[in-house]
Each structure stands twice: as C-alpha cells, then as structure tokens.
Amino acid sequence: MPPEDLPDNSGRGASTRPRTVSVGEGGSFSSTGDTNIISGGVSGGTVIQARSVTIATQDSQPGLTLAVDEAMPVGQVDPAALQVHAAVLPAPDSGGHAFLTPYLHRTHDAQLRDHLVPALGGDVSVLVMMTGESSTGKTRSLYEALHELAPHRFLLCPKTVADLLHLLNSGRVDDQAVLWLNEAQHFFYGTGAPEAAATLQQLLMRHRGIVAVGTLWTKPFWEELTRSGTSGDQHGQVRELLTCPSAIRIPVPDCLTPEEQHAWRKLATRHADRRVFNALDAGSADRGRVVQHLSGGPELLKAYTNGPGHHFTPVEHALLTAAIDARRLGHRAPFPAALLAQAADGELDPRERPIEADWAHTALTALCAGERPNGGRTDVRGALTALHTFVPRAGAEPAYELDEYLDQQLHSQRTGQLGSSSLWQSLLDHTADPDDLSILAGSARARGLLKHEVRFHRRATLQRSPGASARLVSALSADTDPCQCGVRWAIANANLADPIDIGALLEELHHMGDEQAIEMLMSRDPVAQVDLADPNSIAFLLIQLDKTGQKRAVERLSSLAAKHAILVEPNDVVVLLEALEYAGQKKEFNNLISRIVSKNTNGIGSLVVELLHVQALGKAESLMRGPSHWAEVVLPSDVVSPPEALEHAGDSEAVETLMSRDPGTPVDVDDLRDVTSLVEKYRWVEQLKAVDGVAALHVNVTYPESVAALIEIIERTGNPGETAALVAYDLAVHIDLTHPSEMVSLFETLESTGDPEVLERLAVHTASHVTLAHPDGVSSLLEMFERVGIPGAVEVLADRAADRINLARPGEIASLLRVLVNIGQNQAVEVLADRAANHISLTRPKDLVSLLRGLDDARQKKAVKILMGRGLTVRVGLIEPFEMHSLLQILHRSGEVQAVNELGYRALNAGVLRPLPPSLRTYGRELDGTAARAWTWKDLEL
C-alpha cells in the first residue's frame, strides 16, 4: 500500500495499548499509539528510555522541539517540531483536519528512498541533502521517508554549529540514529562550520550505517557552498563534505508537472481534503507551484507586498522590512531584537512611532505568535507567521528568523534596494557573527559603500573572522590610509592562531610591496602561535611565507607541521606534501611521509600518485598493500593502467548474436548505433559482404543515426550501389524528425554518398516537418542546408522557425538569430526577434542577457527596446556581475540611455555592477547615492 493510502493515525481513536519495540543495541522503549503515527506525537506521561538519556514527554503540540541532548524515535516526533509546514485553508474552517495533508510521492521521493535504504541497512553511510526553492516540500519529503523507513531510529536535531559538534564528538551520531540538519545553512556557515563539516565527513567515511539528512536552498546556499574556491577559502571544508562520495544531492522541483497535478487531484478526491484542492487550484494558475500554496506562502508574500496599513501595521511592516533587507545583505544568523528595532525605528514616520518602551518586543511577539494583544491577526490563515523565535538555550534572549518563503521571494524582488541608513548602522552595531560581518563588508563594497566596508572588516577582524585582517588592508589605499594607521591596526589585531588570516595578510602585504609591514607582522612571531589542526591552512601559510622570503619561518613551520599536523584525510596530506615540496623542505617532506597513517580510502589514489611523483616508492607500495578496506581503491589511469576491458557487457551480447549468424543470413540492424563501433574489431564487415544486397537486411529507417551508420558500413563493404538503393528508399516518409541534430549527421553522410536529387527532396521534407522544439538543432540544420546548397530547404525551415520555434530556451534563440543573420534570412530574423521580445518568459534573467546579446548582434534595436520595456531591470539582482557590463553596453549601443541609467543605478544598489564607476572607486558613495567626500581611516570614528 503506498504511503498516501495509509490510514490517518493522528491519535484520534488510535489504540493506546502499550508495547515494546526493539531498537537494536540501544535497548528498547515503551510507547503508546501507533509507531506509524503521522501527527500528534507521544501520549502524555510516557517515559522514553533513549540509551543514556531519559525524556519525560508531554502531550504533543505543534512546535514541540528537541533539545540537543534529547533523542526521540523518528516515529514519535511531531512533524511541526521538524519544521514541516502546516497545511492551511484560505478561509476560516470548522477544523478537524490532521496536521499533515495526504502526501503525493514524486520522483525525488523515490531517489531519496534509493539512497536511504542501503545506509539504514548497514551499508555505506550517507548524507542526503534535499535542495530547491523555499516551501517546495524538501522537509516533508525527508519526514515521510524517515517515518516510513526508520521509525525506530533516534532522531538527533542540533540547533547550532556548537550543538552539531557536541553530537559528533560525543559519539551520539551512530548507526542507531538519524542526524537531522534541516535548513543546513545554520550548520555550514559561520565559526565552527569547517570543523563540523570535516568531523562529519570523517564519521561518514569511517563508519557504516550512519544516516544524516538535511535541506538547503539551491540559491544561494548550495551554489555558494559548493563553488570551487582558492587556497584557504572559508567554505573549503564544507564543500569537501557536500561533494564527497558519501554526500548525495537530490533536487526538489518547484513546480508539479501536468501529470503530477492530475495525480494530486486524484489524491485530494480520494481523501476529501479541501486544503489539497485549494492548493491545486491556486498552484495551477501559478505555473504549477502547488506545494508552495499548501502552506500559504504566496498569500503571506502578498500580505507584505500590499504595504503597511493593510495586513501588517506600519511598525510590523518596518520590522519585517528590516529583517528582509538584513538577510538579503548578508546577515545570516538569527536577528537580535535590537538590530530589527533600530533599523525599523529609523524608517518609521515620527507620527507612526509608538510611545511604549517595549514597542519592538510587543510587535515582534505578535509577528511570531500570529496575534496582537488586541486580538488582531498577523498570521496567514491562522497558521503561517512571518517571523519565528529562535532560542538556542533555555533562558536566553530570543532572536528571530524570517519565514523562508518570504525571505527567498523578496530577496530577488528587493534586490535593487540599497537599504536604509538606519539598517546599515544597526548591522554595524549589532552583528556579532564573524562570517556575517565579512559577508556584510563584501555587500557594502559591491554597492560602493566603501566606508561601511572598512568598518565591517574592522569588526570582523576583532571577531576573528578568517582572512578579515587581509581584507581590511585590501579595502584601504594610499588615499584612505596615507599614514598606514589602518594597516598597522590590522597587523596588530590579526589572529595569529589562524593560518588563513596570517597567510592572507602576508599575501596582501606582499602584493602591496610593503616590506616594512611584513617585518612588523613577522615580529609578532605567528609561527609560534599558529594552530596546526588543518593541513590545508598550514599549506596555504607555508606557501605565503615562502613567497615573502621568510626562510626561517618556513623552516620552523615545516618542522612543526611535519611533527604535529593532524593527518586524517589523504587529500589533506597531499596538499601539505605539495606545499613542503614547493618550499624546498625535503627533510620535513620525508619526515611527514614517515608519519602517514590513514584509515580512510578517500584520496588514497592521489596520495599514492604524490608519493610516486617524489620517488617515495616504498611508502607508495606499502599504502597500496595496506588494510583490506583499501583493496578497492581506484588509482588514476595515468599512474596505474587498469586491465584493458575487451568489451562492455551489452556490446558483447550484441556481437555474440551477430557472430552466431551464418553468412548470408538476414541481419536485423534496428539498433546499429550500438554495434557500429565494433564493426572493424569483430570483422563484421566480412559477414555483411556475404549478405545478398540491402534487400536482405531487415532495415529500420526510423532513426537517422542508424541510417547514417548503416550507410557507412555499406560503404566499407565496397558496394556503393547498395548505398544508392538505400537512399532511394523513401526515407522521407519513414524517418523520425523529432531530433533535428540527428538529421544533421545523416545529411553529412548522404552528402558524399547519395543522389543530389534524393538529398534535396529529403532536405525539403525535413525542413517542412522537423520538430521545432530544439532551436540549437534547427540552427545546425539551417547551417547544413546552406553549406550543401539547398536554398529551398533553407527558406522553408527559416520561415517555420521564425513563426513557430519554441521560445523556452532564450540562449538558443539568440544562437538561432545569429545563424539566420549569417545565412541572409533577414525577414525571418525580424519575425523571430519580434516574437522573442514580446512573448519570451522573463523568469531567468541570465538567459535573457544571452537573448539581448543575440538581438544586439542581429541589430534588432526595436526588439531590444520592447524587451527592456517589459521590466527586465527589476530583475537586475539575478544577473551575474560579469554579465552586467555586457548588458549595459548592449543598451548603450541601442540608444537606451534611460535604461542604461536606471539599470546601472539598480545594479549598483544590488551589488552586481563591476567594476565600480571611476568616480566611486577611491572614496565610494553615501547612502543617499551621492559620491562620498574624501575620507581617511582617522575620519571613520572607529
């Protein structure tokens, strides 16, 4: 029975007969109710024995949370405690609904189970990350899978990076537990994130049966955390975790396909759940974004965008705006109340400012609880609130988190807003997280707020953000720091324990050519204080010391690293060995090799390669003959040549079938594409020569590539007459024209072997009937027809493409426009340009930039003007900085002066204008947009 057909065991009328359920070596626990419970949690008064932790539970209630030292079986945890969104109705309702709606299984659910089942059964450990947009069902998918597959495993739910490290280091994460990392950005950014990521990766690689699951937004979090960086980059350890063999990424689509919408309607009908019907009705009119409407996210967004005085009061709206913009600019930690209050206060009209001393607390409480003191509602549908409280420990001051759907949608909508002066000041005054401070410094720099950049870097340096002191020095210049007061301050406050901070500062000072400053830094003797825990960071520092000529420091650090560096991951060992070799420290290189003891196969191949490279043959051989769990290590092919495989299994079967035939026997060539490459190797050509003509072949001329392959084979037999016979066959009637790119291969083959008249007839037929879903394939066909010299086919296909080509791929439309220009189809260019400008979707600005380039290359100024008039500039924040310069040039050439000015201003506000305009490069600008007057380090009142 599929999960969506299971009875609703929400606790209403369920059995209360106690029973004991085995949980493996951890013992057992007693429970009431059904372990397949969907909502409702545990009955009151029950005591659950969770190995070393005893938890007295209370009646389950939405919002129940687990402390870091609590461990509760998956089947007994309230879904609300795991941040599964409640499904709600758009209007008041009599109630009686289960917390969860019926669940529709989709492709990603099957993928999730495929990866969880082996690990839960004791196989290789996994970290499964569900990625996608906000409110698309990532968390619900994890909940459903674990509830079905592992109801008896204990669930560990850290709230902070410190919590995660505590669980990992205490041995709590084992093959009897599931580590729950919902909204994993809380664990993968900030102080402690690299250590947590490295520890988790080691645990996954060393032990079997461990299951960790989490969710991340694709943009910005997944893309940012997995983007390749440079030596010492802050996300290096997290990137290694997320891209290691144990980590599985499963994307969750943001829209339901038409088939899924049909299945959703059947599910709603079977369960008679109005919430599912309502979400489908709303989502069907919103490009299939059904799941988002289930929790009311779009309605909450509308409540905010309607402005103050409608759903939210002016004070509430100002507080939300402060949270939205602070998160957009880079404050990723939960917001202190003081930050939101100070930012909101500066934006309120004096007549709107409340007189009560605790006004901010009252408003923030109302936004989190959904109800004001006077009974008015701040939530949507009685369930969804714009803010949520975050209390890391009992008794601690609450901080606040923004609803993720509101956050994600408004991140792009407000991207052209610079942010108020009160917001920037409150960020300076109340941001404490070191990494957030560095991110905010980068945001200020990108927007031309150079004074704010220096202030944030200074605070980040004091908070020990890796590399902050180097970034502070880089942010200053001879104009803004003429006496080098800022440089000296950065050197005096650099974190000597952090190899990244010292290495980056050395690199920056070396780039400046400031030998005196380098001597000042080295006089603090960083080598004696540096932390040796991370070989990658030590390697980075070693290289910078060597580049700056610090020979004595290189020798000392090399000796320390060779003796005391923590050698766990082979990849880390490789990096450190390379750095020692670069610095010419052969003795310490050999000393480090003698210490190599690894229990992990990850990267062993690379380590062996490095050892072979430096002639350490004995050590390489010992590694290759090491513990049995290294037996399956695959070394790079350029070092150890694996045995040559004679054939793939599928090819072997096909060959055996062919070779078993007697010469002259009719040959079925339905799938020549699979065996053509084996023709010469298995001398099938000789057998084909014995076949009595093409007529004896069972030829399937549906697939263009198969026909092209057959023609090539016949040509090899030395029977060109057979080719003519095949071409003379009415291919035009039978050929599959679904994929134009495959037709290109066929025409290339026919060009040298076929009859010109037959070729032209097939070309015209193809031009008249080929599918227009693939613009790139159509472009290739047009170029082929033009080169072969079949003008009739060119004109027919160009006219059809201009009128009816699929506009779903703007980048490919741009390429097609260029092809049409090159082959002289000017009328088709104008028709296609007009269609694209008026009707193409504006959802992906990156594709639209490509289209604008194509329109510009085709000199279609009118189409450029039309497209810009459709509001592309409001999406400026989604355009990558490197594309912005090109876009502004296109608009300038098209005479769109107003668009250039508007787009340039919004691009600067969004932080995507590179480089800054010349007038702002030295001193930047003020928050009112005007160029800043000359200033120095001493003027900043730091």
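**Helix 21**

I started with helix 21 and counted 10 of its 14 residues as buried, so I have it down as largely enclosed by the rest of the structure. Note to self: this is a predicted model.

I listed the buried ones next. They begin with an unbroken stretch that includes Pro499, Ile500, Asp501 and Ile502, and Glu508 and Leu509 are also among them. Two charged names, Asp501 and Glu508, are on that buried list, alongside Leu505 and Leu506.

What do these buried residues pack against? I found four partners: helix 19 (468-475), helix 20 (485-493), helix 22 (515-522) and helix 23 (535-547).

Then I checked the length. Helix 21 covers residues 499-512, and at 1.5 Å a residue its 14 residues should span 20 Å; the end C-alpha atoms are 20 Å apart, so the two agree.

I looked at both ends too. At the N-terminal end, Asp498 acts as the cap, with a side-chain oxygen 3.0 Å from the backbone nitrogen of Ile500. After the helix comes Gly513, and its phi is positive, near 75 degrees.

**Cavities**

I moved on to internal space and got 5 cavities of 30 Å³ or more. The largest holds about 420 Å³.

Which residues sit closest to the centre of that largest cavity? Out of 30 lining residues, they are Thr136, Gly137, Lys138, Arg140 and Val291. Helix 2 (138-149), strand 9 (211-217) and helix 10 (290-294) each give two or more residues to the lining.

Last, I sorted the lining of the largest cavity by residue type: 13 nonpolar, 12 polar and 5 charged.

Methods. Residues numbered from 1 in each chain as written. Predicted model: local features only at pLDDT ≥ 70, side-chain atom pairs only at ≥ 80, totals over all residues. Heavy atoms only, no water. 1 Å grid on protein atoms, 1.4 Å probe; cavity = no way out; pocket = protein on both sides within 12 Å on 5 of 7 lines; lining within 4 Å. Points joined across faces, edges and corners; volume = space filled by probe spheres on them. Nonpolar A, V, L, I, M, F, W, Y, C, P; charged D, E, K, R; others polar. Expected span 1.5 Å × (residues − 1). Buried < 20%, exposed > 50% of the residue type's maximum accessible area, 1.4 Å probe, protein only. Contact = heavy atoms within 4.5 Å. Polar contact = N/O pair within 3.5 Å; in protein donor to acceptor, adjacent residues only side chain to side chain.
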